[in-house]
Amino acid sequence: MSTSLTINGRQIDAVPGQSLFDAATQAGVRVPTSCVKQGKCRECIVEVTAGMSLLSAPTDRERHLTGNFRLSCQCAVASDAGEIHCQTMRRGQMRIERHALNLPASHAPMPLDPTVTRDGDRILIDGEEIARSSAPIHGLAVDLGTTTIVVRLLNLETGELVADASLENPQRFGGSDVMSRIHYDTGHPGRLLMRTVAGYLTHAIEDFPIDPATIYEVVVVGNSTMRDLFFRQSVYSIGQNPYRSITEIEMAAGRRTTTSLTQTGRRSLLPVHPNARVYGAPIISGHVGADAAACMLAIDLAHEDRLVAIMDIGTNTELIVGNRDRIFAASCPAGPAFEGGAISCGMPGLEGAIEDVRLCDDGSFQIGVIGGVPAEGICGSGLVDLMSELVRAGRMNEMGRFEHAGERLAIDPGHDIFFLESDVNELAQAKGANVAGLQVVFNQYGIRFSDLDVFYLAGGFGRHLKKDASRRIGLIPNLPDAKIVQVGNAAIEGACIALLSKTKREELEAMVRRVEHCRLETHPDFFDYFVDGCQFKPVESPERVAG
Ligand code: FES
């Protein structure tokens, strides 16, 4: 007798006593490990989505894990019948936005002046010798997102991209959003989140076609929590009102002059040169992080005469508006709905997610699925499409009420994918937070949407949105197509610029210092904007505009 085990979509027959690690290997799935099944590295995590009761009881080495997460080397099949489904923390299988596109050509030629230089065989950082080598000099740019991580390896002498990699953030066992990770880190000593991410990054770096010891600088961007966790900072204060990173608190107290962070390669636990410098780009606030700062560099905001906005829609939407003279920023607590969280058949933008929806005249839905495989759920861009179609056809009104109250809309009946009125409420609130953020920032700036020259949509979700659908339901301002530019992963682009140019990095530090941060929750009209933003209609500028 055997148990059917499906791991990362591959099925095998597993026998009682067999560890999930060994079963995965048998199925041809590589599980990350640094300790070779000793239960020490904590990298071999799997998420069990079905059949949890068919596994052995958690061991002491798994005490740090909750929910459906297990260490695959520590947990064994304990039944001789049934079905187990699980998945590893995946590497590059998500639709991770690795690249940026449609960014403006820099106003000034992009200088190649990295902080790491060579003098014969002496390798210098800011003029100080840190190593001797005649091999090429490399640098690493890392975008540490809550859900995904993107890494680029660059030759610092030529500026060329040597390799890149993307992976799912393995810290998922500590919760899917920033607040749960803060809670997890505060409650579990030992920097487990940092160590896990460092372990996964190590595997990615070791797979690059170079000697990792030739990496002399790493530039890390990411939201404030991800960045601070990586630099072993306490993130507790980011989770408490007024939501400030420890670096902001220290800067306000005069104990530091920048919110950027640095540490050595040795301390970072990465397999880069031990004397390498690891630089965490500056953050703007507890919820407007180094990723948003990097986006400003990517769109060359320091030299921008036009009025532009850049918005990265996610669990926490980050918004920056301005030009070379004045910059405003805000974060909008949108929640996980647009990433598929809290939605009946919602899922992230993985293979199997419905990403396109069209409502046909006969009332059925025509769908497009990522990877062309059978549908497993609907991701954010599919949900935006779906709601836009329902509004267009009059099947849902502006208030998000279905034409037939309580109806269960069968989106893909063959795979039991459906959509409920209660799902609309979750999405309405996520949208309401984004719109309120837009309205508050524009109001404080004293401008209207129509004053904007360019509206950049950054990030993976923004990249895959349809402009028409997004405008129709009021997810983005009601602007003409020509003004809306989808730029993909601008944060990693900004990280690369900061890696390749000391001048640009200084420009970034100076720019971050003069950003004016709008706190949405203290704005008197926030709630009105939020309620209005929950409606499914095109969003216009507020009537009252501050001077
Ligand atoms: S392989 Fe290291 S903890 Fe399981």
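F526 and F530 both sit in helix α14, 4 residues apart, about one turn of the helix. The model is predicted. Both of these phenylalanines are buried.

**Aromatic pairs**

Searching the whole structure gives 8 aromatic pairs. A pair of aromatic rings is described by the distance of the centres and the angle of the planes. Two of the pairs found are set out here.

| Pair | Centre to centre | Angle between planes | Class |
|---|---|---|---|
| F328 and Y445 | 4.8 Å | 45 degrees | tilted |
| F526 and F530 | 6.3 Å | 20 degrees | stacked |

F328 belongs to strand β17 (residues 327–332) and Y445 to helix α9, so their pair ties together parts that are 117 residues apart in sequence. F328 and Y445 are both buried. In α14, F526 and F530 also join a cluster: ring pairs link them with F527.

**Helix α9 against helix α14**

Helix α9 covers residues 421–445 and helix α14 covers residues 526–533. Their axes come within 7 Å and cross at roughly 130 degrees. That angle makes α9 oblique to α14, because it falls outside the ranges for roughly parallel, roughly antiparallel and roughly perpendicular. The crossing is right-handed.

Which residues of α14 meet α9? They are F526, Y529, F530 and G533. On the α9 side, the contact residues are A428, Q429, K431, G432, A433, V435, A436, Q439, V440 and N443. By type, the residues of this contact divide into 8 nonpolar, 5 polar and 1 charged. F526 and F530 thus appear in the contact with α9, and they also form the stacked pair in the table.

Key:
Residues are numbered from 1 along each chain as its sequence is written. This is a predicted model: local features need pLDDT of at least 70, side-chain atom pairs count only at pLDDT 80 or more; totals for chains, interfaces and linings use all residues. Side-chain values use heavy atoms; hydrogens and water are left out. Axes are lines fitted to C-alpha atoms, for helices over the stretch in contact, and angles run from 0 to 180 degrees between N-to-C directions. Helices (H or I, at least four residues) and strands (E, at least two) are DSSP runs, numbered from the N terminus. Angles under 35 degrees count as roughly parallel, over 145 as roughly antiparallel, 65 to 115 as roughly perpendicular and the rest as oblique. A crossing is left-handed if the near helix is turned anticlockwise from the far one by less than a right angle, and right-handed if clockwise. Contact means heavy atoms within 4.5 Å. Ala, Val, Leu, Ile, Met, Phe, Trp, Tyr, Cys and Pro count as nonpolar, Asp, Glu, Lys and Arg as charged, and the others, Gly among them, as polar. Rings of Phe, Tyr and Trp (its six-membered ring) pair if their centres lie within 6.5 Å; planes under 30 degrees apart count as stacked, over 60 as edge-to-face and the rest as tilted. Buried means under 20% relative accessible area, exposed over 50%, partly exposed in between (1.4 Å probe, protein chains only).
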